[in-house]
Amino acid sequence: MKHIFLVEDDREIAGNLTLLLKAEGFAVTHASTQAEAVSALTDSSRTEKPFDLALVDISLPDGNGFTVCTEVKQSRDIPVIFLTASGDEASVVTGLNIGADDYITKPFRSRELIARIGSALRKAGRAPTAFEMGGLRVDTASGLVKKEGREIFLSALEYRLLLVFINNPGNIITRDRLLDELWDAAGEFVNNNTLTVYIKRLREKIENDPASPRIILTVRGIGYRLGGNDVSK
């Protein structure tokens, strides 16, 4: 389980982000001030459960996120994503110059944030970039999908749907969750019938026998889950 270090002084935002990140399978440690953040980074107990990525608000009540970013890079050298106010270009430039890996402007969509986190972790070599199961191989770094060694072509929504399953091994994913994922990717309303069609099309492309799927399994009355024996590299 990847461990996110969240530094955000707004309690409501921090609470919502913590719920989102935990729902995505991350462990979360929250600090609301610069002092708390530095203390958490220097706490010896952190060596038992090191951070994998830091989400840092630039504006803090007792300082700023730049100092936290510097401390993170010196003590952990993990990816840092800044949370910044809209239009604060100067802060963004400063943050990137001192070593931040990315930034996201408030307000932001939850799926965009999760995508940015996944990208930063992959670049840092802390998240799997390849997935294999039942003759299917997905290279998330290049976006290539192959079946029995031959490249197959997925639409943007089919690929997004496949990534949801790959990123949530062992978890049952409800239809509502999938609808939310596809809505964000498509930028338009996706209904239950549309989801059924996308699942059917994806299975036709990646399963040996779409009528008896082994990769994307149906959990009746709830949703779907990834099949067993998955291998990530």
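## A tour from a buried glutamate to two nonpolar cores

Begin by selecting E8, which has a relative accessibility of 0% and therefore counts as buried, the cut-off for that class being under 20%. The model on the screen is a predicted one, and the stops below should be read with that in mind.

**The whole chain.** Before moving further, show the protein chain as a cartoon, in which eight helices and 15 strands can be traced. Of its 233 residues, 44% count as buried, and the accessible surface comes to about 11,900 Å², with 48% of that area belonging to carbon and sulfur atoms. If contacts are restricted to residues with a separation of 6 or more, 58% of them join residues that lie 24 or more positions apart.

**Charged pairs.** Side chains of opposite charge can pair when their charged atoms come close, and the count for this chain is ten salt bridges. Return to E8 and add K106, with which E8 forms a salt bridge whose closest N and O atoms are 3.1 Å apart. This pair links distant parts of the chain, since E8 sits in the loop between β1 (3-7) and α1 (11-23), whereas K106 sits in the loop between β7 (102-105) and α5 (110-123), 98 residues apart.

Next select K73 and D101, another salt bridge, in which the closest N and O atoms are 2.8 Å apart. Here, too, distant parts of the chain are linked, with K73 in helix α3 (residues 65-75) and D101 in the loop between α4 (89-97) and β7, 28 residues apart. K73 is partly exposed at a relative accessible area of 21%, and D101 is also partly exposed, at 42%.

Then move to helix α5, where R116 and E112 lie four residues apart, about one turn of the helix. Their salt bridge brings the closest N and O atoms to 3.0 Å; R116 is partly exposed at 26%, and E112 is partly exposed at 31%. To finish this stop, display E8, D57 and K106 together, which salt bridges with shared partners join into one network.

**A three-stranded sheet.** Select β12, β14 and β13, which form an open sheet in that order with antiparallel pairing. The edge strands, each pairing on one side only, are β12 (173-174) and β13 (216-219). Between β13 and β14 the antiparallel pairing runs over four bridges, and T218 has Y224 in β14 as its bridge partner. Now add two helices: α6 lies across β12, β13 and β14 and runs at about 70 degrees to β14, while α8 lies across β13 and β14 and runs at about 145 degrees to β13.

**The nonpolar cores.** In soluble globular proteins, nonpolar side chains tend to be buried together. Which residues touch the most other members of the largest nonpolar core? Among its 28 residues they are L136, L161, L162 and F165. The elements that give two or more residues to this core are β8 (130-133), β9 (136-139), α6 (156-166), α7 (175-186), α8 (192-206) and β14 (223-226), and the largest share, eight residues, comes from α6.

Centre the view on L162, which, apart from neighbours within four places in sequence, is in contact with L136, V138, V145, L154, L202 and I206. For the last stop, select A31, I58, L60 and V68, which are among the 19 residues of a second, separate core.

Technical notes. Residues numbered from 1 in each chain as written. Predicted model: local features only at pLDDT ≥ 70, side-chain atom pairs only at ≥ 80, totals over all residues. Heavy atoms only, no water. Core = buried A, V, L, I, M, F, W, Y, C linked by side-chain atoms within 4.5 Å. Buried < 20%, exposed > 50% of the residue type's maximum accessible area, 1.4 Å probe, protein only. Contact = heavy atoms within 4.5 Å. Areas by Shrake-Rupley, 256 points an atom, 1.4 Å probe, with all protein chains shown as cover. Salt bridge = Lys/Arg side-chain N within 4 Å of Asp/Glu carboxyl O. Pairing = 2+ DSSP bridges. Axes fitted to C-alpha atoms, helices over the stretch in contact; angles between N-to-C directions.
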